[in-house]
Amino acid sequence: MPELPEVEVVRRGLADHVTGRTISTVVLHGHRVARRHAPGPQDLSDRLAGRTVTGAHRRGKYLWLSLADAPDAVADEALIVHLGMSGQLLVTDPADAEARHTHARVSFTDGGRELRFVDQRTFGGFALADLVDGVPTSVAHIARDPFDPGYDRDAVVRDIKARRSGIKRVLLNQTVVSGIGNIYADEALWRAQVHGERLASALTKPTIGRLLDHARDVMAEALGQGGTSFDALYVNVNGASGYFDRSLAAYGQEGRPCPRCGSTMRREQFMNRSSTSCPRCQVRPRGL
DNA sequence: CAGCGTTCCTGGGCGC
DNA sequence: TGCGCCCAGGAACGCT
């Protein structure tokens, strides 16, 4: 599942492959891929044709390509790409056969390799938005992620401390701190030895700070491994397949021994999804 | 208004 | 063999 490290790998691939190139055509299959673009797929295709990509950017799990001004533009614009749970961006030869679940093809005026959006579960999609202070308007509600130069750790700690909600739910709330999904939330909670259903406001500020630092660290480690294992033509990530197997202590490790104390890792349902944790290192709060 | 449950999607895997 | 159910989960939305 693409979380921050996986999306960052994709961003780097895009920066290498499409920056400076001019879009010739954008073909969208079906309406769903452009459902977050209110004026619809035709408008999206029409407005992208002829635009030059000036850069590849990311905040949390959102990715966008900044575009050179259109002749009649009133604001800077960007093509936003969200990978959802299964989205992939592939750089392919235009003559290659289309993979199953291809929803978009972006070709360039130089006739070189094109960009394809492949998404099995169709939670991802494209949209066009105005940029305000370098961030698309539809991404403005997303908080800065731990790798953003403007990330204010202490402010995030104070925000979390004020929340009357389970800590895991808060870590997954992209308006508090972005980029953390189920995988890295479980890893950070395990490292900090905190149960995800502990009330955020009941944790001490140092504990909250440690949790955030663990989340940042585990994502940095994943990025370090993900960044080296991908073919140049495959701008995505099939998750951190290499990372998954070797380095995860908690996520998906139900039934395995805790790497710290040897207790059998347990899985619990929480927020309609699974959480894996150590019953001894991460004590469930009383009364829940 | 913050918090929380629900819903959108598809296909791989597995039990019977 | 084949059917049907479970599961993965980010983010928007609506209700309390």
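**Notebook: gaps, DNA and a buried helix**

**Entry 1: the second largest cavity.** I started with the second largest cavity, which holds about 50 Å³ of space. This is a predicted model, where local features need pLDDT of at least 70 and side-chain atom pairs count only at pLDDT 80 or more, while totals for chains, interfaces and linings use all residues. For my own bookkeeping, residues are numbered from 1 along each chain as its sequence is written, chains are lettered from A and ligands numbered from 1 in the order in which they are written, and side-chain values use heavy atoms, with hydrogens and water left out.

I had to look up how empty space gets found. Rolling a probe the size of a water molecule over the atoms shows where empty space is left. On a 1 Å grid over the protein atoms alone, a cavity is a set of points where a 1.4 Å probe fits but cannot get out; a pocket is an open set with protein on both sides within 12 Å along at least five of seven lines; lining residues have an atom within 4 Å of a point. Grid points are joined across faces, edges and corners, and a volume is the space filled by probe spheres set on the points.

Which residues line the second largest cavity? I listed Leu14, Ile23, Val53, Leu65, Leu79, Val81, Leu89, Val106, Phe108, Leu115 and Phe126. Strands S4 (77-82) and S6 (102-108) are the elements that give two or more residues to this lining. (Helices, H or I with at least four residues, and strands, E with at least two, are DSSP runs numbered from the N terminus.) By class I got 11 nonpolar, no polar and no charged residues. Here Ala, Val, Leu, Ile, Met, Phe, Trp, Tyr, Cys and Pro count as nonpolar, Asp, Glu, Lys and Arg as charged, and the others, Gly among them, as polar.

**Entry 2: the largest cavity.** I searched the whole structure and got three cavities of 30 Å³ or more. The largest has a volume of about 80 Å³. Its lining has 13 residues, and His195, Gly196, Glu268, Ser275 and Ser277 lie nearest its centre. H5, strand S10 (266-270) and S11 each give two or more residues to that lining, and S11 gives the most, with three. The class count here is three nonpolar, six polar and four charged residues.

**Entry 3: the largest pocket.** How much space lies in the largest pocket? I noted about 670 Å³. It is lined by 21 residues, the closest to its centre being Lys61, Gly84, Met85, Asn182 and Arg273. Helix H5 (182-192) and strand S11 (273-277) are the elements that give two or more residues. I also checked the record: the UniProt annotation "active site", from an unreviewed entry, covers Pro2, Glu3, Lys61 and Arg273. From that set, the pocket lining takes in Pro2, Glu3, Lys61 and Arg273. (UniProt positions are in the numbering used here, feature names are shortened, and annotations may be inferred rather than shown by experiment.)

Glu3 sits in the segment before helix H1 (4-18). Is Glu3 buried or exposed? It is buried, with a relative accessible area of 4%. (Buried means under 20%, exposed over 50%, partly exposed in between, with a 1.4 Å probe and protein chains only.)

**Entry 4: helix H5.** I wondered why H5 is largely enclosed by the rest of the structure. The reason is that 10 of its 11 residues are buried; Asn182, Tyr184 and Trp190 are among them. Just after H5, Gln193 takes a positive phi of about 60 degrees.

**Entry 5: the DNA.** I call a residue near a strand if one of its heavy atoms lies within 4 Å of it. DNA strand C is surrounded by 17 residues, with His82, Met85, Phe123, Tyr251 and Ser274 the closest. Sugar and phosphate make up 58% of the strand C atoms that come within 4 Å of the protein. I then went through polar contacts (pairs of N or O atoms within 3.5 Å; within protein, one must be able to donate a hydrogen and the other to accept it, and residues adjacent in sequence count only if both atoms are side-chain atoms). Arg273 has a side-chain N or O atom 3.1 Å from a base nitrogen of strand C, and Ser274 has one 2.4 Å from a phosphate oxygen of strand C.

For DNA strand B, the surrounding residues include Arg32, Arg163 and Arg164. Sugar and phosphate account for 72% of the strand B atoms within 4 Å of the protein. A side-chain N or O atom of Arg32 is 2.5 Å from a phosphate oxygen of strand B.
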